[in-house]
Structures are given as structure tokens and as C-alpha cells.
Amino acid sequence: MTTNKISAEHLTYKRNRHLILDDLNLNVQQGHFIGLLGANGAGKTTLMRLLNGVATNFTGTIQIGASESIVDRKQLSSFSESLKGVNANRTLHQIATDYAIMYLDFSEKAFENFTNKYELDCHQKLSALSKGNRKKFATALTLSRQTQLYLLDEPFEGIDSMTRKRLISNMIAWKPAAATVMISDHHVNDVVNILDEIVVLKDKHVVAHRNTEQLREETGMSVEAYYESFYEGSATDD
Ligand SMILES: Nc1ncnc2c1ncn2[C@@H]1O[C@H](COP(=O)(O)OP(=O)(O)OP(=O)(O)O)[C@@H](O)[C@H]1O
């Protein structure tokens with residue numbers, strides 16, 4: 001069996017009796033930038049929560065590397081949403097110190113590099129950060145772990161277009177070859193240059209999973225036009 005993969009098979013998930021994901025199948029080889037695309041409410045955050053092991057009580061299987069266990073998946077993936085439970089009265093530096101205790105793979109050196117590049121003042125309290133800087137901080141924390149799968153939920157939301165371009169270049173330069181980075185974003189054109197693959201969620205499951213280069217060659221469409229066509233009901237994935 002191949003172990004350098006991330007997979008979800010027949011994944012079905014309900015929350016408060018609402019069916020959110022239904023028989024979702026996804027299989028990615030590690031080492032790529034993957035865009036997780038879908039309209040509001042399509043289930044992008046939910047899928048990331050399930051992969052990371054924050055959300056449980058699903059049916060089907062989820063695997064990262066060779067393991068299906070929740071404990072291993074939390075260890076093998078780093079999720080930007082983890083910041084949700086953090087005490088906003090703590091400074092960025094204090095929060096990073098907490099992370100270093102919580103996650104043995106957290107690199108304080110990497111964190112320092114990211115915060116320098118992102119122009120964040122680590123003496124500030126989390127509560128004092130603007131929306132964009134809060135996103136940058138969540139990304140810095142997430143990427144400072146040394147693990148296999150990085151799950152970034154709308155990392156560029158609220159970030160100005162110039163900074164966005166700089167963060168994307170930094171991310172390309174930073175990515176370890178074996179790591180997988182899954183990014184959800186509503187502004188497909190802004191992130192498309194970083195993406196090796198896209199996964200489109202619609203109707204509670206994956207309706208397309210394509211290599212971006214092949215997609216352009218084979219369809220002659222931009223990635224954004226291809227993605228939007230699923231929502232216009234005019235495309236099928238073959
Ligand atoms: N606590 C909950 N109880 C019931 N349904 C929920 C709950 N949380 C989320 N949902 C539903 O799950 C579905 C998927 O939500 P999710 O946040 O994963 O979507 P998303 O693709 O990330 O959306 P967005 O792009 O708006 O962030 C939505 O229909 C949402 O209403």
C-alpha cells in the first residue's frame with residue numbers, strides 16, 4: 001500500500017442532524033499545493049476539520065500517510081483553525097511558546113522567520129491584531145510546525161493584494177518538497193499560480209479533482225472558469 005497519500009473514502013458527516021458531506025472520496029499524493037474550492041457552505045472547512053481530526057463521528061475512512069488514527073492525524077497535520085480556542089489576551093510570542101509546548105514539531109525559529117516576513121509584532125496581544133494580521137499570524141503558527149499536511153482555511157482573507165502576492169511567494173519558497181499544503185480560498189485567480197491541483201466541492205462531495213496544468217491544456221479554460229462552470233451546471237469531470 002502507498003503511504004505518501006492523504007485520502008478520504010466514502011466519507012459521510014452529519015452535524016446537528018444536517019448532512020454536510022455525503023460519500024466524499026478524495027485521494028491525493030503528498031507534496032503538492034492543493035486548492036480546495038467551493039461556494040459558501042460547500043464543506044471546505046468541515047473537510048479540513050475532519051482531515052485534522054478536530055471533527056469526529058463520521059463514517060468512512062480518513063487516512064494521512066499510513067494512519068487512520070485521530071491522534072496521528074492531529075500530529076501529521078497542522079490546521080489554521082486551531083487559533084480559534086486561543087486566549088486573545090496573550091501576546092503572539094506567548095501563544096507561540098504555548099504552541100511549542102503543545103506541538104513538539106513546532107519550530108520557534110521558523111515562527112520568528114514567518115513573523116519577520118509577515119511584519120508582525122510579537123509583543124502585541126492577539127486581541128490587538130487587525131483581521132488581516134490575525135490571518136497572517138494564524139498562517140505563521142500553522143506553517144511553523146514541521147509536519148506532513150498543512151491546512152490553510154482562507155489564509156488570505158482580509159489581506160491586501162500586495163501583501164497577498166508576497167505571502168504566496170514566501171509560501172512557494174518555504175514549502176518542503178514532501179509537504180502538502182491545502183488552501184481554501186474564494187478568490188481563485190489570486191491563488192491559482194501556486195496551485196498544483198484543485199479539488200472542487202459541491203453537493204456535499206468532490207465533483208472534480210484536477211491537476212491545474214493538465215486542466216488548462218486539456219480544456220483550454222482558466223482554472224477559475226473551470227471551477228465556476230460547476231456552479232453553472234455546465235461541466236462534468238471525466
Ligand atoms: N454546527 C453546525 N450545525 C449544523 N450545520 C452546520 C454547523 N456548522 C456548519 N454547518 C453547515 O455545514 C455546511 C458546511 O460548512 P463549512 O463551514 O464547512 O463550509 P465552507 O465551504 O467552509 O463555507 P465558507 O466558504 O462559507 O467558509 C454548511 O451548510 C453549514 O451551514
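Here is a chat between a student and a tutor about the predicted model above.

Tutor: Two ground rules before we start. Residues are numbered from 1 along each chain as its sequence is written. This is a predicted model, so local features need pLDDT of at least 70, side-chain atom pairs count only at pLDDT 80 or more, and totals for chains, interfaces and linings use all residues.

Student: Okay. Why is R210 called partly exposed?

Tutor: Count its company. A residue is buried if 20 or more other C-beta atoms lie within 10 Å of its own, exposed if 12 or fewer, and partly exposed in between, with C-beta atoms placed from the backbone. R210 has 18 other C-beta atoms within 10 Å, so it is partly exposed.

Student: And where does R210 sit, and what is it in contact with?

Tutor: R210 is in strand β9, residues 205-211. Strands (E, at least two residues) and helices (H or I, at least four) are DSSP runs, numbered from the N terminus. Leaving aside neighbours within four places in sequence, R210 is in contact with E197, I198 and L215. Contact means that the C-beta atoms, placed from the backbone, lie within 7 Å.

Student: What makes α1 largely enclosed?

Tutor: Eight of its nine residues are buried, so the rest of the structure largely encloses α1. Among the buried ones are K44, T45, L47 and M48. Just after this helix, G53 takes a positive phi of about 90°.

Student: What about strand β8: what makes that one largely enclosed?

Tutor: Similar reasoning: five of the six residues of β8 (197-202) are buried, so the rest of the structure largely encloses this strand.

Student: How do you know that β8 pairs with β3 and β9?

Tutor: Check the bridges. Two strands pair if DSSP finds at least two bridges between them. Four bridges join β3 (residues 33-37) to β8, and these two run parallel. Six bridges join β8 to β9, which run antiparallel. Both counts meet the cut-off. You can spot the partners too: L36 stands opposite V199 in β8, while V200 stands opposite A208 in β9.

Student: Why are β2 and β4 said to stand at the edges of their sheet?

Tutor: That open sheet has three strands in the order β2-β1-β4, with antiparallel pairing. β2 and β4 (59-64) each have a single partner strand, so one side of each is left without a neighbour in the sheet. As for β1 (residues 5-15) and β2, eight bridges join them, and S7 stands opposite N27 in β2.

Student: Which residues make up the shell around the ligand, and how do they divide?

Tutor: The ligand is surrounded by R15, N16, H18, I20, G38, N40, G41, A42, G43, K44, T45 and T46. A residue is near a molecule if its C-beta atom, placed from the backbone, lies within 6 Å of it. They divide into two nonpolar, eight polar and two charged. Here Ala, Val, Leu, Ile, Met, Phe, Trp, Tyr, Cys and Pro count as nonpolar, Asp, Glu, Lys and Arg as charged, and the others, Gly among them, as polar. Helix α1 gives the most to this shell, with three residues.

Student: Last one: what makes a nonpolar core, and how many residues has the largest?

Tutor: A nonpolar core is a set of buried Ala, Val, Leu, Ile, Met, Phe, Trp, Tyr and Cys residues joined through C-beta atoms within 7 Å. The largest has 54 residues, and M182 is one of those with the most contacts inside it. Helix α5 (residues 131-143) supplies the largest share of this core, five residues.

Terms used. Two residues are in contact if their C-beta atoms, placed from the backbone, lie within 7 Å.
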